[in-house]
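Me: Could you take a close look at one helix pairing here and walk me through how the two partners meet? A bit of the surroundings would help too.

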Amino acid sequence: METTTEKKLPLSLLVLLTVSAGVSVANLYYNQPLLSRIGSTFHTSESLTGLVSTFTQAGYGCGLLFLSPLGDILPRKYMILTLCVLSSASLLAIGFSFHIGWIIAWSFVLGLTSIIPQIIIPFVTDICAPKEREKVIGIIMGGLFFGILVSRVVSGLIADWLGWNAIFWIGCVLMVILCILLTFLLSDIHTNKNNTNTTQATTINSASIEMSQISTENINNNNSSVSENNDNSDNNSASKKKNDINNKTLIILENNTHMN
């Protein structure tokens, strides 16, 4: 498996991830300049039509709160692709909605799945070299802010020419294209999570081996010390026996001398 942890991030992938961040965050703001048009189409009040934008931002907040932390558990590149598919489906459903209630419901789903930039940024930190992380994150954040600023302008202009539905259909097409391109460019990208786990496992195994070696050495040292103690005790007992024999010999010699 090829890893790009210590390699320079390919320019094509950096551009694609930057565009993906900008396009995905733009989905949150397409409906804001279109609320009056949507209200006139479905003959709804301003308060009810305003729920479209409200539920979009509410879904985005729920996505940040509940889906974004999953990037620390699930593979981030598959999360990015999945969110792209769900966002494109939500945009398509909004464009073909025939009731304001469906637009509000699908707007919530669209906001929920528009957290792609929050998955892209930590994903990039895993696949690029440490020395270029700041530059890469800055570029992606620039694309994100560009998408926020341009989305309202583009949405209003397209609505003047093609109607309010068109921007959601165009957004769906853009998300599908991005999903296809990301599928091909991310197919050979592997983050360093597996490498980190492998390194940790290797470290643990080496540490356990070292501990076993140390314990074995301690046992051998204890055995050697025990054997040395046994040898010393044997030597002491042997010397005591020799001394006893010498003393007995001297006593016998003294007795024989007295008898003579």
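Reply: H1 passes H6 in a left-handed crossing. This is a predicted model, so read what follows that way. Helix H1 covers residues 11-26 and helix H6 residues 116-127, and the two pack at an angle of about 160° with their axes 9 Å apart. Since anything over 145 degrees counts as roughly antiparallel, that angle makes H1 roughly antiparallel to H6.

Now the side chains. H1 brings Leu-13, Leu-17, Ser-20, Ala-21, Ser-24 and Val-25 to the contact, and from H6 they meet Ile-116, Pro-117, Ile-120, Val-124 and Ile-127. Sort the residues of this H1 and H6 contact by type and you get nine nonpolar, two polar and no charged.

For some surroundings, try helix H2, residues 35-42, where Ile-38, Gly-39 and Phe-42 are buried. They sit on the same side of H2, because they cover an arc of only 100° around the axis. That fits the usual geometry: an α-helix has 3.6 residues a turn, so residues three or four places apart point the same way. The buried residues of H2 pack against helix H3 (46-67), helix H5 (100-112) and helix H8 (164-185). Just after H2, His-43 takes a positive phi of about 55°.

Zooming out, the protein chain has nine helices and zero strands. Of its 260 residues, 37% count as buried. Among contacts between residues at least 6 apart in sequence, 85% join residues at least 24 apart.

Conventions: Residues are numbered from 1 along each chain as its sequence is written. This is a predicted model: local features need pLDDT of at least 70, side-chain atom pairs count only at pLDDT 80 or more; totals for chains, interfaces and linings use all residues. Side-chain values use heavy atoms; hydrogens and water are left out. Axes are lines fitted to C-alpha atoms, for helices over the stretch in contact, and angles run from 0 to 180 degrees between N-to-C directions. Helices (H or I, at least four residues) and strands (E, at least two) are DSSP runs, numbered from the N terminus. Angles under 35 degrees count as roughly parallel, over 145 as roughly antiparallel, 65 to 115 as roughly perpendicular and the rest as oblique. A crossing is left-handed if the near helix is turned anticlockwise from the far one by less than a right angle, and right-handed if clockwise. Contact means heavy atoms within 4.5 Å. Ala, Val, Leu, Ile, Met, Phe, Trp, Tyr, Cys and Pro count as nonpolar, Asp, Glu, Lys and Arg as charged, and the others, Gly among them, as polar. Buried means under 20% relative accessible area, exposed over 50%, partly exposed in between (1.4 Å probe, protein chains only). The arc is that of the directions from the helix axis to the C-beta atoms.
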